[in-house]
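Subject: Structure handover

Hello,

I am passing this structure on to you. Please open it first, then read the notes below it.

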Amino acid sequence: MSIHEQIRVPHVKPSSSRSVCRFWQQGICNRNPCKFAHGGELPPRPPPPRSSHVYLRGSRSESQSKPVGGSAAPKKHEEKVCRDWKSGNCSRGDDKCRFLHSWSRGEGFSMLARLEGHSNTAVVSGIALPSGSDKLFTGSSDGVVQAWDCTSGKIVGTLNAGGKIGCLITEGEWLFVGLPNVVKAWNLQTGVDCSLTGSTGQVYALEVGMGYLFAGGSPDGVILAWKGGSSSTGEQQGSNPFQPAAALNGHTSAVISIEVGGGGKLFSGSMDGTIKLWDISTLQCVQTIEKGHDNAVMSLLCYSDFLLSCSLDQKIKVWAATGEDGRFEAVYTHEEGDGAISMCGVEDMDGKPVLLCSWNDDSVGLYELPSFAEKGRMYAKGEVRSIKGGPGGLVFTGDATGLVTVWKLAAAGATSGAAMAE
């Protein structure tokens, strides 16, 4: 879906009475000489449209440009990146283009590097940074897993997973990859791999909690659970160290987001907008939030005692256990003008919580928690489908053009480095 609507300006026929140039009135006429009149003071411009970003303040300049030599600098639209500039084809230049020529907006973060290794037609669908490791793992829809050296940013290993990758996570010594009808597991220490079968469709969500591996994506809404994973469990005998534990039934459409919370809770979100809460100790559903969203629940995130959910219905919702029964209810809704895709919670260099949420206008918003005040935007060439936080304020984003971008959050008062350009 295009993030810029094409504006069609009706053709103006020549006039013998030298009528006033409508483009000059808008401050965008660049014809010199112009067959229409440029005279008098510019009429007052209408106020800019109200931002759909509820917490954004002062992002647009209120100053008016007056014509000089028959032309005027266009008013900047600082919330959208120029599509032509992103593809390297903007002929208007930084000064004359209405849209932003930058990969970020805001203070307190900067772009460090871009990692190019996946196909530019592939979606980066998973990013994992094992604890204590110097390797970064990324997976894409073309079935390729890349291993990157965190110091040099170079590819040090490539793995063909054998099918479209819907998600990718690491836990301990294991790398898990969601594929059509199967979850593949690789032991990063021994090189042993195994297949976890039972899924009937693309696996879009994987999560580990309380000794279980949970997988969602089957069209019938079933969440599968496996137990095991110890390197001494069956591995030396060549058997699969993961054993099927349960099938969690209840959703009626594919589960595409899973999150393990405190107190032995498991949350799941499905394509039909439903959110379920499960007790991991019993593997039983204890609450169903019907129509938690009006569209697919794309991502779930636990923050403190709250659950955050985001959806293609353009909303992030905050849920909390209210009352003595402990049932979760919506306590806050943040709405923007684009569908929400993925969320990640990190801490900045001052230890303050920051929410990152990607939207389908190819941007990632940064929000202070719990206020949801917007700190800025990261921009990409395509939709950002995966976000991962790392140590020392690092953030990794993967987009729909196969690109992995490395960002750095700064401490308060620190000067952010200039965003890298092409």
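How many residues lie between E26 and E27 in their hairpin, and which residue in the turn has a positive phi? There are 5 residues between the two strands. Phe 372 is the one in the turn with a positive phi, about 65°. Please keep in mind that this is a predicted model.

The sheet around that hairpin

E26 and E27 run antiparallel, joined by 5 bridges. One of the bridge pairs puts Gly 365 with Arg 377 in E27. Both strands belong to an open sheet of 5 strands, in the order E3-E27-E26-E25-E24. The pairing in this sheet is antiparallel. Its edge strands are E3 (104-106) and E24, and each of them pairs on one side only. On average, neighbouring strands here are turned by 20° against each other, direction ignored.

Look at E3 next. Its antiparallel pairing with E27 runs over 3 bridges. Ser 104 has Met 378 in E27 as its bridge partner. Gly 106 stands opposite Gly 376 in E27. E27 itself is mostly covered, with 5 of its 6 residues buried.

The nonpolar cores

The largest nonpolar core has 24 residues. Which of them touch the most other members? They are Val 346, Leu 356, Leu 366, Met 378, Ile 387, Val 395 and Trp 407. Several strands each supply at least two residues of this core, among them E4 (109-116), E24 (340-347), E25 (353-359) and E26 (363-368). E27 (374-379), E28 (384-389) and E30 (403-409) are also among the strands that do so.

Leu 366 is a good residue to click on. Leaving out residues up to four places away in sequence, Leu 366 touches Phe 109, Val 354, Leu 355, Leu 356 and Ala 373. Its contacts also include Glu 374, Lys 375, Gly 376, Arg 377, Met 378 and Leu 409.

There is a second, separate core of 16 residues. Cys 167, Leu 213, Val 222 and Trp 226 are included in this second core.

Another open sheet

4 strands form an open sheet in the order E4-E30-E29-E28, and the pairing is antiparallel. Why is one side of E4 and of E28 left without a neighbour in the sheet? E4 and E28 stand at the edges with a single partner strand each, so one side of each has no neighbour there. Neighbouring strands of this sheet are turned by 20° against each other on average, again with direction ignored.

E28 pairs with E29 (residues 394-399) in the antiparallel sense, over 5 bridges. Gly 389 has Val 395 in E29 as its bridge partner.

Aromatic pairs

The count comes to 10 aromatic pairs. One of them is Trp 174 with Phe 176, which is stacked. The centres of that pair are 6.4 Å apart, with 20° between the planes. Trp 174 and Phe 176 are both buried. Together with Phe 242, they form one aromatic cluster.

Now compare Phe 267 and Phe 328. Their ring centres are 5.3 Å apart and their planes stand at 75°, so this pair is edge-to-face. Phe 267 lies in E17 (residues 265-270) and Phe 328 in E23 (residues 327-335), so the pair ties together parts that are 61 residues apart in sequence. Are these two residues buried or exposed? Both Phe 267 and Phe 328 are buried.

A loop residue

Gln 189 sits in the loop between E10 (174-187) and E11 (193-202). Its relative accessibility is 65%, and Gln 189 counts as exposed. Between Gln 189 and Gly 172 there are 17 places in sequence, and their C-alpha atoms are 9.9 Å apart in space.

What the record says

The UniProt entry, which is unreviewed, carries the annotation "repeat: WD" for residues 117-158, 248-288 and 290-319. In the model, residues 290-319 are 0% helix and 60% strand. The end C-alpha atoms of that stretch are 13 Å apart.

Best wishes

Methods: Residues numbered from 1 in each chain as written. Predicted model: local features only at pLDDT ≥ 70, side-chain atom pairs only at ≥ 80, totals over all residues. Heavy atoms only, no water. UniProt positions renumbered as here; feature names shortened; annotations may be inferred. Core = buried A, V, L, I, M, F, W, Y, C linked by side-chain atoms within 4.5 Å. Buried < 20%, exposed > 50% of the residue type's maximum accessible area, 1.4 Å probe, protein only. Contact = heavy atoms within 4.5 Å. Pairing = 2+ DSSP bridges. Axes fitted to C-alpha atoms, helices over the stretch in contact; angles between N-to-C directions. Phe/Tyr/Trp six-rings, centres within 6.5 Å; stacked < 30°, edge-to-face > 60°.
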